[in-house]
Amino acid sequence: MQNERQPLGLTKAVQGRALRLIQALITAAEADGHTCSAGQTGFAPPPHRRRRAHPHFTITAQGQTVGFLVLQEQDRTEHVATEKELADAKKHSWVRIPRFDYTPSERLRIILSGGQPHRASEWADAPRHPLEEQLAETAQEVTLRGEAAERRRQDEAEAARQKRSSVFYASLAHRKPRFPADESGVFEERAATR
């Protein structure tokens, strides 16, 4: 990731910090026995599609793969129309002047996808609560999603076993006896003496 021109689609101001956060998450995951792999790292998804974008990296816990996106937050300010924009809008009816301008901030957001969410699927920098302080909770979320997937697999296996068992016993109830009924009771006497 470090060798790419703009890793994760982040500005230079936050690249180092984002890579340190990723390294800390991967180190914690591997210490817990999980596996990690890189995803698509050379792009930033558009804001309206960022929750559905391909993950930058994944962590697999107990067979459950959890995707991670590290995104740079945007600051929104009122747009001041330029003279050119005003002239184009006056000249062409289809030209729309944007209401807001968006600029990259130094705040980051981590978005998780995959598995059964427990606490949250997103963590973001807050004024008094930076992402570095939230990494333990993020790493624990991966473990919880892995444990939930394992419980679900065990429950499904048990339900399948019970279904097979009930089908088997139901088929036994509908079978005809192997031996014809013995009216003299000889068969029953032999069975009783055994």
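This report describes the fold, the nonpolar core, the strand pairing, the salt bridges and one surface patch of a predicted model.

## Overall architecture

The chain is built from four helices and five strands, and, read from the N terminus, these elements follow one another in the order α-β-β-β-α-β-β-α-α. Of the 194 residues in the chain, 29% are buried. The accessible surface of the chain amounts to about 13,700 Å², and carbon and sulfur atoms account for 51% of that area.

Contacts between parts that are distant in sequence are well represented in this model: when contacts with a separation of 6 or more are considered, 58% of them involve residues 24 or more positions apart.

## The nonpolar core

In soluble globular proteins, nonpolar side chains tend to be buried together. In this model the largest nonpolar core comprises 22 residues, and F68, V70 and I110 are the residues with the most contacts inside it. Two or more residues of this core are given by each of the elements α1 (12-31), β2 (57-61), β3 (64-78), β4 (100-113) and α3 (135-173). Helix α1 makes the largest contribution, with six residues.

V70 offers a detailed view of the surroundings of one core residue. When its neighbours within four places in sequence are set aside, V70 is in contact with L8, L10, A18, I22, H56, F57, R109 and I110. One of these residues, I110, is also the residue in β4 that stands opposite V70.

## Strand pairing and the β2-β3 hairpin

Strands β2 and β3 run antiparallel and are joined by five bridges; within this pairing, T58 has G67 in β3 as its bridge partner. Strand β3 also pairs with β4, again in the antiparallel sense, over eleven bridges.

The hairpin of β2 and β3 has two residues between the strands, and Q62 in this hairpin takes a positive phi near 50°. Q62 has this positive phi although it is not a glycine, and its place is in the loop between β2 and β3. With a relative accessibility of 40%, Q62 counts as partly exposed, because that value falls between the 20% limit for buried residues and the 50% limit for exposed ones.

## Salt bridges between elements

The structure holds nine salt bridges, and three of them are described in this report, beginning with a pair that joins a loop to a helix. The side chains of D125 and R17 meet with an N to O distance of 2.6 Å. Because D125 lies in the loop between β5 (122-124) and α3, whereas R17 lies in helix α1, this pair ties together parts that are 108 residues apart in sequence. Both partners, D125 and R17, are buried, and they belong, together with E132, to a network of linked salt bridges.

A second salt bridge is formed by the side chains of E122 and R109, at 2.7 Å from N to O. E122 lies in strand β5 and R109 in strand β4, so this pair ties together parts that are 13 residues apart in sequence. The two partners fall into separate accessibility classes: E122 is partly exposed, with a relative accessible area of 23%, whereas R109, at 18% relative accessibility, counts as buried. The classes are assigned in this way because the limit for a buried residue is under 20% relative accessible area. R109 is also among the residues in contact with V70.

## A salt bridge within helix α3

R145 forms a salt bridge with E141, and the closest N and O atoms of the pair are 2.9 Å apart. Both residues lie in helix α3, four residues apart, which is about one turn of the helix. R145 is buried, with a relative accessible area of 1%, and E141 is likewise buried, with a relative accessible area of 0%.

## A nonpolar patch on the surface

F168, Y169 and L172 make a nonpolar surface patch of about 320 Å². L172 is found in helix α3, an element that also gives two or more residues to the largest nonpolar core. With a relative accessible area of 34%, L172 is partly exposed.

Definitions and conventions. Residues numbered from 1 in each chain as written. Predicted model: local features only at pLDDT ≥ 70, side-chain atom pairs only at ≥ 80, totals over all residues. Heavy atoms only, no water. Core = buried A, V, L, I, M, F, W, Y, C linked by side-chain atoms within 4.5 Å. Buried < 20%, exposed > 50% of the residue type's maximum accessible area, 1.4 Å probe, protein only. Contact = heavy atoms within 4.5 Å. Patch = residues over 30% accessible without salt bridge, like charges linked within 9 Å, V, L, I, M, F, W, Y side chains within 5 Å. Areas by Shrake-Rupley, 256 points an atom, 1.4 Å probe, with all protein chains shown as cover. Salt bridge = Lys/Arg side-chain N within 4 Å of Asp/Glu carboxyl O. Pairing = 2+ DSSP bridges.
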